[in-house]
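Here's a walk through one model, starting with its strands and ending with a couple of backbone oddities. Keep the 3D view open as you read.

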Amino acid sequence: MSETEAQRAGTLRARAEIDLDALRGNVRRLRELAPGAALMAVVKADAYGHGALACARAAVEAGATWLGTATPQEALALRAPEAGLPADVRIMCWLWTPGGPWREAVEAGLDVSVSGLWALTEVTRAARAAGRPALVHLKADTGLGRSGCQPEDWAELVGAALRAEREGLVRIAGLWSHFACADEPGHPSIAAQLSRFREMVAYAEAQGARPEVRHIANSPATLTLPESHFDLVRPGIALYGVSPSPELGSSADFGLRPVMTVSASLALVKRVPGGHGVSYGHHYVTPGPTTLGLVPLGYADGIPRHASSTGPVLVEGKWRTVAGRVAMDQFVVDLGGDAPPEGTEAVLFGPGDRGEPTAEDWAQAAGTIAYEIVTRIGPRVPRVYLNGSA
Ligand SMILES: Cc1ncc(COP(=O)(O)O)c(C=O)c1O
């Protein structure tokens, strides 16, 4: 960030700094951990709140050859010429509903997921209209119980896809699945899902499918289960330097660095007497004369209301705690008598280098997972990109 950018960022009400060098480093680290597989950077949900386009570019610069999104609209936005991504980057999306933009997806050369016959019917119709084959990844439900084709229905789906392939309407580019409990080491479902995946892949290949990529590994599997890497790994949260779960290890244990730092400028600092109620409902009452700092971020910005009275904030090197309720646009911290000037930085979370809390600390404070903390930081918080491409 240049000096003027830094000054501008410092005068914002609040900001989410996105360190693209950290993201590039995380991509390189994940590639080291899965040396035999290509890497799909999962950038759905605006790259878990980090900004899809900037993160997609940085991930590709660091060696990701695939990008993954949930919705077709997210994928089409990345494929648009103005996104400026290399044309040979594969972009896959997996959350389809009937009547979706299949034809646009086929024409844009997106890779699409197919979990059932209805989707195969719609995609083949689109391929016929577009005059080119659709790149299809057949999804197996190996035990997650969410999307994907049940083992009992697999033969029918594979058979129909192979017939469509012979007609030149689809190319079976991938066979894939998704884990339920990869973040719980030793969970019996992991081995069960892997063996079912192998069986379902073997069946499709025995019938004549020749997929370019077989894939099942999300972040926890990429980090801890080499036998799940197959041809392609699909990390999301690890790209952003956040550990999939504290039980698995910290991001530092895996050589990953958090990418997002959220901070705000104190909007007001004031002295109050003891016994003063703070914020809606007066769930915090000052224990004695003290100072209060007003942090101009609230649940409209993605700060969880569940972190009322628990969320940690670093102000002038000291951890403070949300005093009382998080409101829509603001919350208060008890500064214990310190009186920093208005405009002083309050850091909610970041990599932790400066002693600030991490997204995991906020997850713990709010009774959720760090995925939700970073992803829900809202559009009203400007993203300030550090270390963008030249
Ligand atoms: C199909 C699929 N693959 C990969 C991922 C990435 O998961 P994670 O963020 O745990 O790496 C997700 C995210 O939920 C997903 O839905």
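## Strands, helices and a ligand shell

Let's start with strand β18 (residues 345-349), which runs antiparallel to β10 and is joined to it by four bridges. Bear in mind that this is a predicted model. If you want a spot to zoom in on, look at Ala264, whose bridge partner in β18 is Ala346.

Strand β10 itself covers residues 260-265, and five of its six residues are buried, so call it mostly covered by the cut-off of 20 or more other C-beta atoms within 10 Å. β10 also pairs with strand β1 (residues 14-19), again in the antiparallel sense, this time over five bridges. Here Ala16 sits opposite Val262 of β10.

Now over to β2 (38-42). How many of the five residues of β2 are buried? Five of the five are, which makes this strand mostly covered as well. As a rule, side chains in a regular strand alternate between the two faces of the sheet. In β2, Ala38, Met40 and Val42 lie on one side, Leu39 and Ala41 on the other, and with all of them buried both faces are covered.

β2 has parallel pairings to show, too. With strand β3 (residues 66-69) the pairing is parallel and uses three bridges, and with strand β9 (residues 232-233) it is parallel over two bridges.

Here are the bridge partners picked out so far, side by side:

| Residue | Bridge partner | Strand of the partner |
|---|---|---|
| Ala264 | Ala346 | β18 |
| Ala16 | Val262 | β10 |
| Ala38 | Leu232 | β9 |
| Val42 | Gly68 | β3 |

Next, helix α2 (residues 20-33). Its 14 residues reach 20 Å from the first C-alpha to the last, close to the 20 Å expected at 1.5 Å a residue. The buried residues in α2 are Leu20, Ala22, Leu23, Arg24, Asn26, Val27, Leu30 and Leu33. Among the elements that cover them are β1 and β2, along with α4 (52-61), α10 (219-224) and β19.

Val42 of β2 turns up again in the ligand's surroundings, together with Trp94, His178, Asn218, Ser219, Arg234, Pro235, Gly236, Ile237, Ala238 and Pro244. Sorted by class, that shell holds six nonpolar, four polar and one charged residues.

Zooming out, the domain assignment splits the protein chain into domain 1 (34-240) and domain 2 (260-386). Taken over C-alpha atoms, the centres of domain 1 and domain 2 are 39 Å apart. Where they meet, eight residues of domain 1 are in contact with eight residues of domain 2. On the domain 1 side of that contact there are five nonpolar residues, three polar and no charged.

Finally, the backbone oddities. Tyr48 has a phi near 50 degrees, which is positive although the residue isn't glycine. Tyr48 belongs to helix α3 (residues 44-48). Is Tyr48 buried or exposed? Tyr48 counts as buried because it has 26 C-beta neighbours inside 10 Å, and the cut-off is 20 or more.

Asn387 is another non-glycine residue with a positive phi, near 60 degrees. You'll find Asn387 in the segment after β19 (383-386). Asn387 has 13 other C-beta atoms within 10 Å, so it ranks as partly exposed.

Notes:
Residues are numbered from 1 along each chain as its sequence is written. This is a predicted model: local features need pLDDT of at least 70, side-chain atom pairs count only at pLDDT 80 or more; totals for chains, interfaces and linings use all residues. A residue is buried if 20 or more other C-beta atoms lie within 10 Å of its own, exposed if 12 or fewer, and partly exposed in between; C-beta atoms are placed from the backbone. Two strands pair if DSSP finds at least two bridges between them. A residue is near a molecule or strand if its C-beta atom, placed from the backbone, lies within 6 Å of it. Ala, Val, Leu, Ile, Met, Phe, Trp, Tyr, Cys and Pro count as nonpolar, Asp, Glu, Lys and Arg as charged, and the others, Gly among them, as polar. Domain bounds come from an automatic or database domain assignment. Two residues are in contact if their C-beta atoms, placed from the backbone, lie within 7 Å. The expected span of a helix is 1.5 Å times one less than its number of residues.
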